[in-house]
Amino acid sequence: MSVLQLDGKNLTIEQVKNFLGNSESTVEITEDAYKRVDASRRIVENIINDGRTIYGITTGFGLFCDVLISKEKVEDLQTNLIRSHACGVGKAFEQPVALLMMVFRLNTMLKGHSGVTRDLVEQLKLYINKRIIPVVPEQGSLGASGDLAPLSHMALTLIGEGEVFFMDERRNTSDVLESLGIESITLQAKEGLALINGTQPMTAQGVINYIEADKMMEDSLWIASLTHQALNGITDAYNHQIHESRGYPEQIYVAEKMLEHLEGSELTTRQGELRVQDGYSIRCIPQVHGASLQTLKYVKEKLEIEMNAANDNPLIFSEEEVYSGGNFHGQPIAIAMDLLKIGVAEIANITERRIERLVNPALNGDLPAFLSPEEGLQSGAMILQYAAASLVSENKTLAHPASVDSIPSSANQEDHVSMGTIGARHARDIINNARYVVATELFIAMTAAEIKGKDKLSPATRKKFDEFRLIADFIDHDRNFSIEINELASALTEVN
């Protein structure tokens, strides 16, 4: 069993990846983090006892920020907040996303700026470790004032309401808690706001997006090297001098990986042997794939900052320093998700062009048209390219940036919003589409390589060929190819 230590400061994507990869992994909280939680809670209680006017603690929310709430009603205020804001719609986020929402929200509270009780911290920890995972609808967040609607659905389960996934079943929260002998909690002053003023849904989906996009971009390189060999591609285009002369580290990396994947191949050619140049989708793999890898670097940096960020409101620093600000605004993650969308969509774009080169008799050298086993009688891979083109076109519409849109809300108190959760969801959809396109290239390239002679493949790609040939057969007759494409895509997925 692995343990993820949370302290509000040092959480990394690699740690999250390991946590998600082990269903028995648990979270623990450092003693220093507990001390920060206790200290910030004492300040909240002093504020209430002193009758001070502090947003969200002794006032209403949004446009009602000037309405004072009596000491006797502060608990009702928090519960009403959660119930009224739990108005998300649509299908539920995948369970790993909802699980990470709780992990990241807990990590934020451990910074000691949220003013929550140990009881709330322990309830979140218990839910995470028992895998009591909230059912959180995907739609309904503007991504500013926090992901209010989705986080309210998460918070609702902590007080014994709403629905959860438990043991892969969707059940009423109250039934699950009763079966486990767990009591729901009553939210104290400030705690409802502390649960929902944050960017955890967009960040959680964003982290899983990053993990899956990183895996897919790496896979796209060895799959592209299969295509390169099937088309007798020219390796000179990957010469280190070309890429070092430009200077982009990611471009240099891709060129090195391509040569590594192609080392020892009997199918590659040199400049001038069969042709002088390859088409851009082969020759410019380092430049295009490298540029997409640059987006991953940016996205990872922003996500790891946000995972450890105080994005609550108000933030508590000392008895005299309780400030209402806007760290809940999701613009940094919104822009990062839009950038990721573009980077991943471009991988699908260039991949589809390589698919076209594999199946088009005007471009694929001595390979059969559409890799058909009987030209005319059987269509072979003809409509596989057609389907890939459809996915690429769909990605172009999804890649439109969500972060440049804004609709004012709360009577113009919240007059600029990020749409970051929309961007994160669209990025997820683009990654899924792109993975199908990459899986399609793999399927077709394996058949093309087998036609050319699988024994001539480089050792590295031959190993991959043998592994994935167990999933998808040679195209020796027309059949329902969607089954094998789906199975290949599943095998290429990082987080299942």
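Which side chain meets Arg428 in a salt bridge? It is the side chain of Glu138, with 2.4 Å from N to O. This is a predicted model, and its protein is divided into domain 1 (3-197) and domain 2 (206-492). Let's start with how the two domains meet, then turn to a sheet and a helix.

**How the domains meet**

- The C-alpha centres of domain 1 and domain 2 lie 35 Å apart.
- Domain 1 brings 47 residues to the contact, and domain 2 brings 40 residues.
- Between them, the two domains bury about 3500 Å², and carbon and sulfur atoms account for 60% of that area. As background, the accessible area lost when parts come together is often used to give the size of an interface.
- Three residues are worth finding in your viewer: Ile13, His113 and Leu142 supply 21% of the area that domain 1 buries against domain 2, more than any other three residues.

**Polar and charged links between the domains**

- Four salt bridges are counted between domain 1 and domain 2.
- The count of residue pairs in polar contact between the two domains is 20, with both residues at pLDDT 80 or more.

**The domain 1 side of the contact**

- Five elements give two or more residues to the side of domain 1 that touches domain 2: helix H1 (13-20), helix H2 (31-50), helix H4 (95-109), strand E5 (137-139) and helix H8 (191-196).
- H4 gives the most to this side, with seven residues.
- Sorted by class, the side of domain 1 that touches domain 2 has 20 nonpolar, 18 polar and nine charged residues.

**A three-stranded sheet**

- Three strands form an open sheet in the order E4-E6-E7, and their pairing is antiparallel.
- Strand E4 (133-134) and strand E7 (169-172) are the edge strands, each pairing on one side only.
- Strand E6 (residues 163-166) runs antiparallel to E7, and four bridges join the two.
- To see how E6 and E7 line up, look at Phe166, which stands opposite Glu169 in E7.
- In general, backbone hydrogen bonds are what pair the strands of a sheet, in either a parallel or an antiparallel way.

**Salt bridges in the whole structure**

- The structure holds 26 salt bridges.
- One salt bridge joins the side chains of Arg41 and Glu45, at 3.5 Å from N to O.
- Arg41 and Glu45 both belong to helix H2, where they lie four residues apart, about one turn of the helix.
- Helix H2 is also among the elements that give two or more residues to the side of domain 1 that touches domain 2.

Conventions. Residues numbered from 1 in each chain as written. Predicted model: local features only at pLDDT ≥ 70, side-chain atom pairs only at ≥ 80, totals over all residues. Heavy atoms only, no water. Domains from an automatic or database assignment. Contact = heavy atoms within 4.5 Å. Buried area = accessible area lost by both parts, 1.4 Å probe. Polar contact = N/O pair within 3.5 Å; in protein donor to acceptor, adjacent residues only side chain to side chain. Nonpolar A, V, L, I, M, F, W, Y, C, P; charged D, E, K, R; others polar. Pairing = 2+ DSSP bridges.
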